[in-house]
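Please open the model in a viewer with residue selection enabled. The stops below can be followed in order.

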Amino acid sequence: MRAAAEHERDAAAEHERDAAAEHERDAAAGGAAITVADALALPQLRRGLPEVVAGRERLARPVRWVHAGEARRMAELLTGGELVLTTGMGVGRRAAEQREFVERLARAGIAALVVELGGTLSTLPPALVEAAERAALPLVALRREVPFVAVTEAVHTAIVNRHYGVLRDAERIHARLLERMLDGGGPAEAVAELADTLGNPVYLHDGRERLLYHAAGPASRAAAIDAWHARTTLAGACGEEVSLGPGSRPGGLVALPIARPLAPVTPVALQRSAAVLALALLQVRRRTELQARERGSLLVDLVEGRIDASENARHAEAIGFGTAGRSLLPFACALEDLADAPAAVWDALVADVGRGLEAPRSPALVGAMPDRRGLLGVVALGAVDGRAELAERIAAIVRAQVARRLGAPPPTIAVGGASSWPQVGDALRGAVEAAAAARALAPAPWHDADALELDRLLWRAREADWLRGFVARTLGPLIEHDRRGRQALVATVAALSAHAGARAAAARALAVNRQTLYARIAKIERLLGVDLGDGATLLTLGVAVRAHRQLASARTICRASDREDRQSARCPPPSRPSYYDARPHALQKDLR
């Protein structure tokens, strides 16, 4: 039993030593100090033919200073991190004294003990080596005499040079951040620059562990958010953090070692950067804009599927959007014609919509689409909220703020179905597609994304040659007829399709009498060689009309953006579209 207990204690001690060694290696990689191994590599120590006789696994310990001494109780004069040089006069003659000498130094936290042989000691006493090994203290024997003053000067010079290099690197980073800010960048650009330079994620928080903004650097967004969540929920912080200023909740700047160990320059660089960011964040508007950008980035990542569905809720909680398992209502607003509005106007629009949608029990998450093509959002359904009522409120607030900030006509808004966090990415993507597709439909306060599956499908295929061919074969003669300014035959087909062939309802929708409608139907049947009383034929024509609207809407958006590819297939010239030119064929070909 006693042997087993001793074995268990030895195993625990070995595990503790391994963990401490790993911690010291990380600290040395991330700090400005040189290590014991670095010191032993200096020419002034190499001349003594150093031999590591104990604690070889701890050579990554950082060296803070050098102390040369012979006093038996010199451990009481040390504060930790010293490289101790001695000839062995104070180690004692008895084994117990030698063990006590080493144990005192180990408790003082020295980096390593270097003993010069040849004067007081010809060899290292076994008790000394055994005690150093047990304490995991690097013990080095010098086989030749070396001037301790030369060793001290060399090590101190290396330490000072290392610190100077760190300060020089920090100054360069500080200068780059200032340059970025003077060029018109804000805190978001500064944080991104810092993350790229340090090679690790950098986070800006509000003092209550809620993210204002973060940049992942070379790491993935998912890894960066997971690391932040672990840091704020697990006991003990990791990485480096500096405060943005005095006060109880001033906010902070954090770097976490995700992609690599923290660079030596990290603490100083964070301090210099915090001063720059604190000045920028004195403007309350900037803080709001940062939150909007961070939330917008999350929404875009949800739409593009960059986040695992099971992690959606954790990512949202990291930026202060907690919904406690409630259903979420996604929405999207298409504003492609206004993408050239100033960035400040868009930031203000996102903030105003977010504030308008926020309710005591219904938090909202709002952001801008990439390249400012529209808005994205997710609103938590309240206990008494119905989907239709909340959709009406979303549409009213978005329309009012778009008119106020952009002076634009009512935008196209699509609202998805109530979703849980694992489903919200797909639902939000559907709302984005529905908002784009609904631009081709009749104006409405808001469109139900779930009811626009066919229009979304046609919108996704709007650049496909087969869709252009389908429209040309199916509706070509009608489009050509309407282009010459005659009766609206395409609209007539649309009305018949929308009312399942009911002619009285179609006539009311077109605001014409029945005789006029019958005359149009006869002309359509003659031009196309079809029977509009056939259900399959009417279905095909209805799909073709919807596809025609999507193609025409895509041309309108492309023309408004004034892109250089106006002559390409994606945006043909303003003259008659190419898909109008094909000669029509029998509908039976498309019905197969």
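Select glutamate 57 to begin; this residue lies in the loop that joins strand E2 (50–54) to strand E3 (62–63). The model is a predicted one, and in it glutamate 57 is partly exposed, at a relative accessible area of 33%. Add alanine 136 to the selection: the two C-alpha atoms are 7.9 Å apart, although 79 residues separate the pair along the chain.

**The whole chain**

Colour by secondary structure to display 21 helices and 16 strands. Of the 592 residues, 48% count as buried. Among contacts between residues at least 6 apart in sequence, 70% join residues at least 24 apart.

Next, colour by pLDDT. The chain average is 80, and 81% of the residues score at least 70. Residues 1–9 stay under 50, and the model gives this stretch zero contacts beyond four places in sequence. Residues 557–592 are also below 50, but here the model has 55 contacts beyond near neighbours in sequence. Where pLDDT is low, the predicted coordinates should not be read in detail.

**A helix pair**

Select helix H4 (residues 95–108) together with helix H5 (residues 126–134). Their axes are 8 Å apart and meet at an angle of about 35°; H4 passes H5 in a right-handed crossing. To see the contact itself, show the side chains of Ala95, Gln98, Arg99, Phe101, Val102 and Glu103 on H4, and of Ala127, Leu128, Ala131, Ala132 and Arg134 on H5.

**The nonpolar cores**

In soluble globular proteins, nonpolar side chains tend to be buried together. In this model the largest nonpolar core holds 31 residues, and Leu194, Leu198, Val202, Leu204, Leu244 and Leu253 have the most contacts inside it. At least two residues of this core come from each of helix H6 (148–182), helix H7 (187–198), strand E8 (202–205), strand E9 (211–215), strand E11 (252–255) and helix H9 (266–280). Which helix supplies the largest share of the core? Select H9, which contributes eight residues. Then move to a second, separate core of 29 residues, with Phe470, Leu478, Val490 and Ala507 among its members.

**A buried histidine**

Select histidine 315, in helix H11 (residues 312–318). Is histidine 315 buried or exposed? The residue has a relative accessible area of 1%, so it falls under the 20% limit and counts as buried. Apart from neighbours within four places in sequence, histidine 315 is in contact with Arg221, Ala222, Ile225, Asp226, Leu298 and Ile307. One of these partners, alanine 222, is 93 residues away along the chain, yet the C-alpha atoms of the two residues are 8.1 Å apart.

**Glutamate 433 and helix H15**

Select glutamate 433 in helix H14 (residues 421–437). Its relative accessibility is 12%, so glutamate 433 counts as buried. Beyond neighbours within four places in sequence, its contacts are Arg456, Trp459 and Arg460.

Follow these contacts to helix H15 (residues 453–460), where the buried residues are Asp455, Arg456, Leu458 and Trp459. Arg456 and Trp459 are therefore both contacts of glutamate 433 and buried residues of H15. Why do the four buried residues lie on the same side of H15? They cover an arc of only 165° around the axis, which places them on one side of the helix. An α-helix has 3.6 residues a turn, so residues three or four places apart point the same way.

Technical notes: Residues numbered from 1 in each chain as written. Heavy atoms only, no water. Core = buried A, V, L, I, M, F, W, Y, C linked by side-chain atoms within 4.5 Å. Buried < 20%, exposed > 50% of the residue type's maximum accessible area, 1.4 Å probe, protein only. Arc of directions from axis to C-beta. pLDDT = per-residue confidence, 0-100. Contact = heavy atoms within 4.5 Å. Axes fitted to C-alpha atoms, helices over the stretch in contact; angles between N-to-C directions. Left-handed = near helix turned anticlockwise from the far one by under 90°.
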